[in-house]
Amino acid sequence: MPSNAAHSPIVLREADALRPPRGHALLRGIGPLLIGVAIAAVMQWGVGPFVGTYVARILLDVGIAIILAVSLNIVNGLAGQFSLGHAGFSALGGYAAGSITYYGSLILWNSSVKHGGPFGAGEWLFVAACLTGGLVAAGAGFIVGLPALRLRGDYLAIATLGFGEIVRVMLQQTGDVIYSARALEQATVNDFFPPPLGGSLGFSGIPTYTSLFWVYLFCAVTIVVAQRLKFSAAGRAMVSIREDEIAAQAMGVNITKWKVRAFVISAFFAGVAGALFAHESGVIISPGDAGFQRSIEIVIMVVLGGKGSITGVLLAAAILSTLPEFLRDFAQYRMIIYALLLIGMMLLRPQGLFGNHEIWDYFKRRRKSSS
Amino acid sequence: MSSAPLLAINDIGIRFGGLAAVQDFFLHMPPRSLYGLIGPNGAGKTTVFNLITGVYQTQTGAMLLEGQPLGGLPPHRITSAGIARTFQNIRLFGDLSVLDNVMLACQLRAKNRIAGTLVRSRASVGEEAAIRMRSLELLDVFDLRARADEPAQSLPYGHQRQLEIVRALATEPKVLLLDEPAAGMNSGEKRQLAQTIRRIRDEFQLAILLIEHDMELVMEICERITVLDHGVTIASGPPEQIQCDPKVIEAYLGVADDEGAEEQSSKGAEEK
């Protein structure tokens, strides 16, 4: 049987016969995304209007935190590359998207405020800006991914931390925002060097587009992508790098390619999250958003959720971004309690909430033991 | 060596600083051969494996697999060219399941388009199912199918060694390098392993190069044996010849008198 192994790999001989029927494949492929759209719609029109602006605002932040944590989990949890630059990617995406909607609105509609109603022209400009923000961050992820090939552990952490700081300092050096369509028309080339992104004061005037619908839609896309990566050849390749690089290479894994891919995919969603954050009402993005403190907050979510566990990280992101709100009654002791809770959790469950597992593994085990 | 060699290794070597870890190493393996590589501890056997698999780059000579040069290729390219290995100190992916360990190796021969993975295309789902099926079949080589879902690190030591062999086979190699597969086994298990190694060679039609300390095992199953000492090939030939080679006996048992020791050290100086 294996005599013609040289011509076609044995493993692929049955692959065509094992393809699922078309309809079934389509359902499995698109189904989760449709569920995502449904959840987003429920959040927007079923939950949002009834919980008040304060809770709605927290829900927005929870969604963005989930995108950030689940995407960091791809590079940090799956591929095992300790990155402290996630906020840097996020800020890059936010600034890129913000400049598109802000200056785009000035050029198209002579005003930087929100244009059109739900799913109006302005909203689509915003979605395009979010995706562009993601691409800009992904490009940065590629550039950061390259040195990551040579660095391990602590050294990589320091290098990515440096990346975040570089982004922060570069954003501080940007020029003043051009405030009106008229001023934009009269602007000379000199006004665009350095780019008019607000400098250390922050980029104000970005229109408010972020809604529960878009946040939870992107949230669903992030989770679906992370899940499909994890439970596929891609996920196995990334985890093999985390577990043992030498063995991974010996099994034919191109570790260079997969490290860069992990960084690029992870940075893309960080950029989208940054874009969503930039368009939240009342938010003025500033260079500080790229700083390492933000990055560490996201790392904590990943560590607490269990490195590599999507559901664990999702839950940790939700808990950690709402916890400070519940602790508001304790006023100035709030952050101390927050820190103590973190320490307590790390002592009780050093492997994170779910360790390597997903939440459904627990149900499966329970069913197994009861039967 | 009548037929054209499947793997031709000519004069490879590497120095670490002033130390010649391996030098002037030659090996020609015909298809479906079963060769052994022996030598005292620190003789450079594993270094030879690391040179062949690209973990270290050879500083001299050349390596050809089916006439294609392997020199300078990174380890993953050498694996996809058709050389797989196991590790002396087991290097499984401990957190992954037994099945996932094999599937990871198996997927090397699949296309694994990332876009297909993300949209769950029919081709990618079919591929994944094929990888799973083939991996389960391969686990049967050592009766490991029942433990497929356990984390690899929870397997007993002997099973971990077996899983390493299965994982290497999953890359569909033409040449399999086994680094001390019998380490830590009792004599009964070793006898069984000897049979399995022969069976693997016949069933998968590959050439096997074996590093092993257990002389009985090596002498029993290997067609030719190369003996290394201090990075130098001191003998090479069929088992009967190796067994009575004075240099080999000397390397393993030491020399009988001072005269011999002097002889050896002066010889070492010459080679440097």
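Student: What makes the contact between the side chains of A:Asp16 and A:Arg19 a salt bridge?

Tutor: In this predicted model, the N to O distance between the side chains of A:Asp16 and A:Arg19 is 3.5 Å. The cut-off is within 4 Å, for a nitrogen of Lys or Arg and a carboxyl oxygen of Asp or Glu. The pair A:Asp16 and A:Arg19 therefore counts as a salt bridge.

Student: Why is A:Asp16 called exposed?

Tutor: The relative accessible area of A:Asp16 is 58%, and exposed means over 50%. A:Arg19 comes to 34%, which lies between the limits of 20% and 50%, so A:Arg19 is called partly exposed.

Student: How do you know that A:Arg57 and A:Glu280 form a salt bridge?

Tutor: Their side chains come to 2.6 Å, N to O, and the limit is 4 Å. So the pair A:Arg57 and A:Glu280 qualifies.

Student: Which parts of chain A does that pair tie together?

Tutor: A:Arg57 lies in helix H1, residues 22-78, while A:Glu280 lies in the loop between helix H9 (255-278) and helix H10 (292-305). These parts are 223 residues apart in sequence, so the pair ties together pieces of chain A that the sequence keeps apart.

Student: Is A:Glu280 buried or exposed, and how do you know?

Tutor: A:Glu280 has a relative accessible area of 1%. Buried means under 20%, so A:Glu280 is buried. Its partner A:Arg57, at 31%, is partly exposed.

Student: Which residues are linked with A:Arg57 in a network of salt bridges?

Tutor: A:Asp61 and A:Glu280 are linked with A:Arg57 in that network.

Student: What makes B:Asp140 and B:Arg145 a salt bridge in chain B?

Tutor: The closest N and O atoms of B:Asp140 and B:Arg145 are 2.9 Å apart. That is within 4 Å, so the pair counts. B:Asp140, at 35%, is partly exposed, and B:Arg145, at 37%, is partly exposed too.

Student: How many salt bridges does the structure hold over all chains?

Tutor: The structure holds 23 over all chains.

Student: What secondary structure does chain A have?

Tutor: Chain A has 13 helices and zero strands.

Student: Why is chain A called as compact as a globular protein of its length?

Tutor: The radius of gyration of chain A is 22 Å, and the globule rule gives 21 Å for 371 residues. The two values are close, so chain A is as compact as a globular protein of that length. Of the 371 residues of chain A, 51% count as buried.

Notes. Residues numbered from 1 in each chain as written. Chains lettered and ligands numbered in written order. Predicted model: local features only at pLDDT ≥ 70, side-chain atom pairs only at ≥ 80, totals over all residues. Heavy atoms only, no water. Buried < 20%, exposed > 50% of the residue type's maximum accessible area, 1.4 Å probe, protein only. Helix = DSSP H or I, 4+ residues; strand = E, 2+ residues; numbered from the N terminus. Rg over C-alpha atoms; globule rule 2.2 N^0.38 Å.
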